[in-house]
Amino acid sequence: ADGAAVGAFLAAGAQGLVLAGFAPSGATPALAAALRGVRVPVVSATRAGAGPVFRTSKAVAAGWVHAGTLTPVEALVLLMLALATGLDPQAAFDTC
């Protein structure tokens, strides 16, 4: 992924993004660059069949929220609920 979709999602008014990364939640260099500095919550989830998202130093430095053991779809639902209710996304995912 070259990150072009990130710009399109943000231009369309996205209030948050879920990264369905490669196990264990990695992003391609181009996608990671596109996500750097975005002003909406970015939730890092993995498309692996099972297991938690690893907290990499790059993801932590970027301020990404970690989805724990949630699938990308589950992470999207929790992010939408957090945004709709005004709950801090990091606080919502800290319970996972």
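Helices here are DSSP runs of H or I with at least four residues, and strands are runs of E with at least two, numbered from the N terminus. By that definition, the chain has five helices and three strands. The model is a predicted one. Two separate nonpolar cores are described below, followed by the residue C96.

**Overall fold and dimensions**
- From start to end of the sequence, the elements run in the order α-β-α-β-α-β-α-α.
- The radius of gyration is 12 Å, which agrees with the value near 12 Å for a compact globule of 96 residues.
- The C-alpha trace extends over about 30 × 30 × 25 Å along its principal axes.
- Of the contacts between residues at least 6 apart in sequence, 57% link residues at least 24 apart.

**Surface and charge**
- The chain has an accessible surface of about 5,500 Å², and carbon and sulfur atoms account for 64% of that area.
- Buried residues form 32% of the 96 residues.
- There are 5 positive and 4 negative side chains, and 11 Å separates the centres of the two sets.

**Nonpolar cores**
- The largest nonpolar core consists of 11 residues: V43, A45, V53, V65, A67, L70, A75, L79, A82, A92 and F93.
- Three elements each give at least two residues to this core: β2 (42–46), α4 (72–85) and α5 (89–93).
- The helix α4 contributes three residues, the largest share of this core.
- A second core, separate from that one, has 10 residues, among them L17, L19, L31 and W64.
- V65, a member of the largest core, is in contact with V42, V43, S44, P89, Q90 and F93 when neighbours within four places in sequence are left aside.
- Two of these partners, V43 and F93, are listed in the largest core as well.

**The residue C96**
- C96 is located in the segment after α5.
- Its relative accessibility is 42%, so C96 counts as partly exposed, a class that lies between the cut-offs of 20% for buried and 50% for exposed.
- Not counting residues up to four places away in sequence, C96 touches A67, L70 and L78.
- Of those three, A67 and L70 belong to the largest nonpolar core.
- C96 and T69 are 27 residues apart along the chain, and their C-alpha atoms are separated by 6.9 Å.

Terms used:
Residues are numbered from 1 along each chain as its sequence is written. This is a predicted model: local features need pLDDT of at least 70, side-chain atom pairs count only at pLDDT 80 or more; totals for chains, interfaces and linings use all residues. Side-chain values use heavy atoms; hydrogens and water are left out. The radius of gyration is taken over C-alpha atoms; the globule rule is 2.2 Å times the number of residues to the power 0.38. Buried means under 20% relative accessible area, exposed over 50%, partly exposed in between (1.4 Å probe, protein chains only). Contact means heavy atoms within 4.5 Å. Accessible areas come from the Shrake-Rupley method with a 1.4 Å probe; for residues, only the protein chains shown count as cover. Lys and Arg count as positive and Asp and Glu as negative; His and the chain ends are not counted. The place of a charge is taken as NZ of Lys, CZ of Arg, CG of Asp or CD of Glu. A nonpolar core is a set of buried Ala, Val, Leu, Ile, Met, Phe, Trp, Tyr and Cys residues joined through side-chain atoms within 4.5 Å.
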